Every structure is written in structure tokens, then in C-alpha cells.
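Please open the structure in your viewer and keep the selection panel at hand. The tour below proceeds from one selection to the next.

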Amino acid sequence: MKVGIDLIHFATADYYLGLDTFAAEKGVDVNKYYVGIGQERMSIAPPDEDIVTLAAKAADPLFNHIERDKITAVLLATESGVDQSKSASAYLHGLLGLHKNCRLIELKHACYAGAAALQMAQGLVHANPNEKVLVIAADIAKYDVDSSGEATQGCGAAAMIIKRDPRLLTLEPGSGFYSDDVMDFWRPNYRETALVDGKYSTKVYLNSLRETWKHFTANTGRRYEDIDWFCYHLPFTKMAEKAHRQLTRLTGVELSDDELKTLLAPMQAYNRQLGNSYTASLFIGLASLLDNAPEDLTGQRIGLFSYGSGCVSEFFTGIVEPGYRDHLFTEDHRWQIDHRQPLDYADYLQLYHTQPEGLYEGQVVLPEYNRGRYRLKAIRDHKRLYERR
Ligand code: HMG
């Protein structure tokens, strides 16, 4: 039985901060961002946007192509959850009007949780071919102002349907994985923003790739030459170039810098405009590759590397299905990116780094910034109230 990704759609916020504006504010050469880390803009979530509204916006269009009553589980991966107990997928279930015979779970391990949800969803479908699982990876990446990570903030949610006979990508059995207890990036419960040992985190990422790849080749017998396209977790797009260069060194493959850039460019295109979306970034990278590849990818093998700080990583592969182009959301993805509103630095600080009044008392009324179909309207008696428009 073939099992894999049947549909994929992503959503991001309605606002962005340009890294040109950011560089001018910080008195830094903009090429540090455009070239050095490979980022142009970061999506900024206003106070009435959270991972639930992003997830709802990502999932909503899928139901024009699949019956919402048939969804048997919602697996929502995030590291910017809104509640320690109630899963964000429960809010989502209500907002999307899904059937009551549906399981709801939130998963966490930094940026890796999206890949974990995908693996779990595959397992559910293999156990029962009638399962249709909604997997959502949704995050808002927030670092302290003036920290090394500030330029790599962003947000987004990727929603996928996992089922048998998928229309986009059949996931192959076998993968490589690797874990280690390290402190490269973390966010204690009492903090709004993540802490990161930036340079160290890139080293741990690359080390994890090396170990994961060894495990992948040993487990599956597949080699570099068997894979046509590569998608990497993208904290910033330059990370994929560092990662892929490491893989070519490890495998003894010769690839010029131009060839490497050409190979990775379709996968990097959207993330360059959105910034880091943690759990979602690998899957937004996949959507970007499917939307922007220079040729028909039918029958080609895509390798996906998920990395979550802390750390857990996994490398797995999928084969692109014939006719996949008829089931993409390319126009909508591009429209969202192009229609965000730019912010100046002061507005960015106001929207992104200022707590709404009354938050700790659990009584907040949120002004309308979010122009999308779903928004967080208020918090009353510590209960989040969402609005569907
Ligand atoms: P930094 O100190 O601000 O930057 O931090 P830098 O001085 O290292 O410069 C960055 C690059 O720009 C360098 O290139 C410079 O040479 C270059 P590299 O040596 O890396 O190839 N550069 C220029 N290039 C052209 N023109 C110029 C110019 N100036 C400089 N004028 C750092 C960089 C990545 C540490 C920072 O952005 C950071 O702390 N980011 C957050 C952490 C992060 O993203 N880590 C990635 C791996 S961990 C991960 O992916 C997991 C994560 O997503 C979380 C999760 O799992 O949940 C983060």
C-alpha cells in the first residue's frame, strides 16, 4: 500500500519586516542577511495571530479537496503552543468543524516535531488504510531583541493530509535518525522568547546530519546518487547550503557552488521570504520545491532532513506521484507572500515584542490586525476565544 502526503498547503502572517529595514536599524550591512544567512524578510505575527489561527489558515483550503468529516486524527506539531494542557489541535478541531470521531494531539520536540507527526500519521494509515490524518506543523519563531537569532525570526504553518494512495508524495519505508541531549536552543516555560547558542547550534545541526545520514544509508541501502532533490530544515536558507556541502564532502560527490545553489534554490524560495517557522520550515521547503522546481518532478526521489534542537533529527525519502502538479496550491502560496504588509522597525517592536495589556490577568481584547479568515479575538477568564470570519 502506498502511503504519503496527499495535499500540502501553508499559511503565514499578514505582516513582514524586511531585513533591509532591520539592517538599517542595526547599522549592519544588509548583505550579512541577504547573502550571509540567505534571508530577505521575516513574517511577523500580530497579537491576534497565534499557532492556532496559522494552523487553521493552513488547513482550511484542504477541505475544498478532501471531505472534512473523513479526518480521523489531527496531529499538530509546535514549539510555540498556547496551553500546557489543552492541545492546540482541540481549538483547531472546533474552528475547522471537524467530525467528533477524530483524535487530537499536540506533539513537541523543537523543529523535529513536524517530522515526528508525519511518521506517526504514516503508522496510523499503515495500521488502518481508512485513516486520513491531518498533520499540521505551526510555529512563531521569536528571539530576544538584539540577540543573534533576531534576524532569523519568522512564522508559518504547513498543513498536510496523510493517507493511502497520496496525490503528491509517497513516503518510502526506512529512515535514519539520531538524538543527543544538548543545549543548543531551548525555551523554558517562563520565557516568551527562545534562548540559543547560535554558532554551536549550527555545529550540532551539521553533526546530526552526518550521523543521521550514516544511519539512513545503513538502514535503507540508498546512496546520494539515488536522491534527486533535497529538502532541509531551514532556520535560515544558508543553513541548507552548509548542510548540503557537508553531505557532498561526506559522500565524496563533486558539486560546484553553482550546481549546489541551483539544486537548493527551489526549496529555499519561500523560506527566504518567511524566516524560520521551526516545525513548519521543512514542509514549507517541500511545498516550495514542488511549486518552484524547474521541471516536472514525477517519479523523482526527494530526501528530507528534519532537525530539532535539543536534539533529534531524521532523514527520510519520498517519490513524487504522477499528476502532482494538479493538486498544488502554488498560486495561493505566492499570493500570501506577495500580499503581506511591510512594517517599520517601531511597528515590529509594538506587534511582536509587546505583551497585550491584561494578559496575566487572563482578560484581553485584541485589536484587529490579522486580515485572515481566523483570528484570536480575546482572552476572557484565561480562555482563548477565536473568531472565524
Ligand atoms: P551572527 O553572529 O549574527 O552572524 O550569527 P555571523 O557573524 O556568523 O554572520 C553570519 C554569516 O554571514 C557568516 O557566514 C558571515 O561570514 C556572513 P558563514 O561564516 O556562516 O558562512 N556575513 C556576510 N556575508 C556577506 N556580506 C556581509 C556579511 N557579514 C557577515 N556583509 C547565527 C549567525 C546563525 C549564529 C545567528 O543567526 C543565530 O543565532 N541564529 C539562531 C540559531 C539558528 O538559527 N541556528 C541554526 C541551527 S539550529 C536549528 O536549526 C534549530 C532551530 O530552528 C530551532 C529548533 O529546532 O526548534 C533554530
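In which loop is the place of Asp-165? Select Asp-165: its place is in the loop between strand E7 (154-164) and strand E8 (169-171), where helices (H or I, at least four residues) and strands (E, at least two) are DSSP runs numbered from the N terminus. The model is predicted, with local features requiring pLDDT of at least 70 and side-chain atom pairs counting only at pLDDT 80 or more, while totals for chains, interfaces and linings use all residues. Residues are numbered from 1 along each chain as its sequence is written, and side-chain values use heavy atoms, with hydrogens and water left out.

Remain at Asp-165 and display its backbone: phi is near 45 degrees, a positive value in a residue other than glycine. Most residues other than glycine have a negative phi, and most peptide bonds are trans. Next, select Gly-310 and Cys-311, which are joined by a cis peptide bond with omega of about -5 degrees. Cys-311 belongs to the loop between E13 and strand E14 (312-320).

Now select the ligand and the residues around it (those with a heavy atom within 4 Å of it). There are 29 such residues, and the closest are Glu-79, Cys-111, Ser-148, Ser-201 and Lys-242. By class, this shell has 11 nonpolar, 12 polar and 6 charged residues; Ala, Val, Leu, Ile, Met, Phe, Trp, Tyr, Cys and Pro count as nonpolar, Asp, Glu, Lys and Arg as charged, and the others, Gly among them, as polar.

Turn to individual atom pairs. An oxygen atom of the ligand lies 2.5 Å from a polar side-chain atom of Glu-79. The side chain of Ser-148 has an N or O atom 2.6 Å from an oxygen atom of the ligand. For Ser-201, a polar side-chain atom is 2.8 Å from a nitrogen atom of the ligand. Colour by element next: helix H2 (31-37), helix H6 (198-220), helix H7 (238-251) and strand E13 (301-308) each give two or more residues to the shell around the ligand. H6 gives the most, with 5 residues.

Finally, display the second largest pocket (an open set of points on a 1 Å grid over the protein atoms alone, where a 1.4 Å probe fits, with protein on both sides within 12 Å along at least five of seven lines; lining residues have an atom within 4 Å of a point). Its lining comprises 33 residues, of which Ser-148, Thr-152, Gly-198, Thr-202 and Phe-236 lie nearest its centre. H6 supplies the largest share of this lining, 6 residues.

Definitions and conventions: A polar contact is a pair of N or O atoms within 3.5 Å; within protein, one must be able to donate a hydrogen and the other to accept it, and residues adjacent in sequence count only if both atoms are side-chain atoms.
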